[in-house]
Amino acid sequence: MNASNRQPGMGLFELVEQAVHLLRSAPLPLLALYAVGTLPFLLAFLYFWADMSRGAFARDHAALGAAGMGLLFLWMKCWHAVFAAALRSRIAGQAARPWSVRRAARLALTQMALQPSGLFAVPLALVTIFPFVWVYSFYQNLTAVGGEAGGLRDTCKTAATQAGFGPGPGFLLLAVLFLFAFLVWLNTFVAMAALPDLLKTLFGVDTAFTQAGRHSVLNTTYLACSFALTYLFVDPLIKTVFVLRCFYGQSVRSGDDLKAELAGLRSPSPAAPALLASRP
Amino acid sequence: MLSLAQQHCLNHPAREAAAQCPQCRQFFCRECITEHDDRILCAVCLRRLSLSAGARRHPLRALGRAALGLGGLFTAVLFFYWVGQILLSIPASYHDGTLWQSFWSSAQ
């Protein structure tokens, strides 16, 4: 029995729609969990990029900068897992489990031990194309199930099982998400290019961008900024999609989706309509 | 094989069975079973499970975990160090976009 048997109406776009609805109805503290991890990393990454591309003494402190980036990357991944755990509790219609020291340490260890390999594995898989969908899903699933009970081996096993499982074919899901990400990047790039001109035209505010002329968009730091903003806009949606995917995948055995639906019927929670709306 | 309704508790033969332990396949009354990790288990199997979980904890396990965590940190640092080296090796004219400006002006 698979997820598509359990939910005949559940398709790829329903999954994405549910994810969008969940994010839109999510309270601010839940979104803040994501921002706490991501914003320091992205700001540091932009500084690192600008420093390495233009700094006169960048070569001298490249190792120190890389160490800082490594730590902030792990910081971000841990917070992503906390965000995913909170999101999952919301989907299941349950109160979020309290964070004991033991649980936090387990999450930190899981993310520290497994996520950094993705920095090499995902680009390598992209080069070879074929295993990319599985590898990318695996590392997203590590975040999605990272906050659950279980050690390294259990988390790895669950993430690997769920990587090839869920509503809709994996490659189509990634194609849709990446197309969306590309369109968001295009919008961000154009908005970033147009904003200084608009400021000058409407309010007479002269910025460094208007002084540098239109060629400033060819700056690599400018491009890095547009990619960072796109990541900030799109990644929460991707995380939510994979949390939902894992939730439905694991529900085949645990029945959590049915429990959430029953709980939603008894006392409708803010997330319950998102789940009920997908039912045929 | 007799159904659950026809079975009796292994520990209390006078009582009707309420559940079958999925681990040892024996039948038990309500008093002799408990829920653990979303499963109904008998007391003996639960004790055995918790003992085996405790026995698996090796003193070197914590050290291994710490090594894994540090290995992950080292991998991340190595990745960003390489990113930094790649950025450093790219010419400044490419970074500030003047390379394309000169290319465009020569084309015009």
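This passage goes through the two chains, their nonpolar cores, the contact between the chains and two helix pairs.

The model is a predicted one, and its two chains are put together rather differently on paper. Chain A is helix all the way through as far as its elements go, with twelve helices and zero strands. Of its 280 residues, 34% come out as buried. Contacts in chain A with a separation of 6 or more are mostly long-range in sequence, with 78% of them joining residues 24 or more positions apart.

Chain B mixes its elements, with four helices and four strands. Reading from the N terminus, the strands come before the helices, in the order β-β-β-β-α-α-α-α. Chain B runs to 108 residues, and 17% of those count as buried. Here residues 24 or more positions apart make up just 2% of the contacts with a separation of 6 or more.

Next, the nonpolar cores. The largest one holds 56 residues, and Val243(A) and Leu244(A) have the most contacts inside it. A whole set of chain A helices feeds this core with at least two residues each, namely α2 (12–25), α3 (28–54), α4 (62–92), α5 (101–128), α6 (132–144), α7 (152–163) and α10 (220–254), and α2 (59–89) of chain B does so as well. The top contributor is α4(A), which gives 18 residues. As for Val243(A), leaving out residues up to four places away in sequence, its contacts are Ala84(A), Leu87(A), Arg88(A) and Ala144(A). There is also another core, set apart from the largest one, with nine residues that include Ala17(B), Cys21(B), Phe28(B) and Cys32(B).

Where the chains meet, 31 residues of chain A are in contact with 24 residues of chain B. On the chain A side, α3, α4, α5 and α10 each put in at least two residues. That side of chain A breaks down into 19 nonpolar, ten polar and two charged residues.

Two helix pairs, both involving α10(A), are worth spelling out. Packed helices are described by the angle between their axes and the distance between those axes. In the pair formed by α8(A), residues 170–203, and α10(A), the angle is about 150 degrees and the axes are 9 Å apart. An angle like that makes α8(A) roughly antiparallel to α10(A). Their crossing is right-handed. From α8(A), the residues taking part are Leu177(A), Phe180(A), Ala181(A), Val184(A), Trp185(A), Thr188(A), Phe189(A) and Met192(A), and they meet a set in α10(A) that includes Cys225(A), Phe227(A), Leu229(A), Phe233(A), Ile238(A) and Val241(A). Sorted by class, this contact has 14 nonpolar and three polar residues, with no charged ones.

The second pair is α2(A) with α10(A), whose axes come within 9 Å and cross at roughly 115 degrees. This crossing, too, is right-handed. On the α2(A) side sit Leu15(A), Val16(A), Gln18(A), Ala19(A), Val20(A), Leu22(A) and Leu23(A), while α10(A) offers Pro236(A), Leu237(A), Thr240(A), Val241(A), Leu244(A) and Arg245(A). By class, the contact of α2(A) with α10(A) splits into ten nonpolar residues, two polar and one charged. Val241(A) turns up in the α10(A) part of both contacts. Leu244(A), listed here against α2(A), is also one of the residues with the most contacts inside the largest core.

Technical notes. Residues numbered from 1 in each chain as written. Chains lettered and ligands numbered in written order. Predicted model: local features only at pLDDT ≥ 70, side-chain atom pairs only at ≥ 80, totals over all residues. Buried ≥ 20, exposed ≤ 12 C-beta atoms within 10 Å, placed from the backbone. Contact = placed C-beta atoms within 7 Å. Core = buried A, V, L, I, M, F, W, Y, C linked by C-beta atoms within 7 Å. Nonpolar A, V, L, I, M, F, W, Y, C, P; charged D, E, K, R; others polar. Axes fitted to C-alpha atoms, helices over the stretch in contact; angles between N-to-C directions. Parallel < 35°, antiparallel > 145°, perpendicular 65-115°, else oblique. Left-handed = near helix turned anticlockwise from the far one by under 90°.
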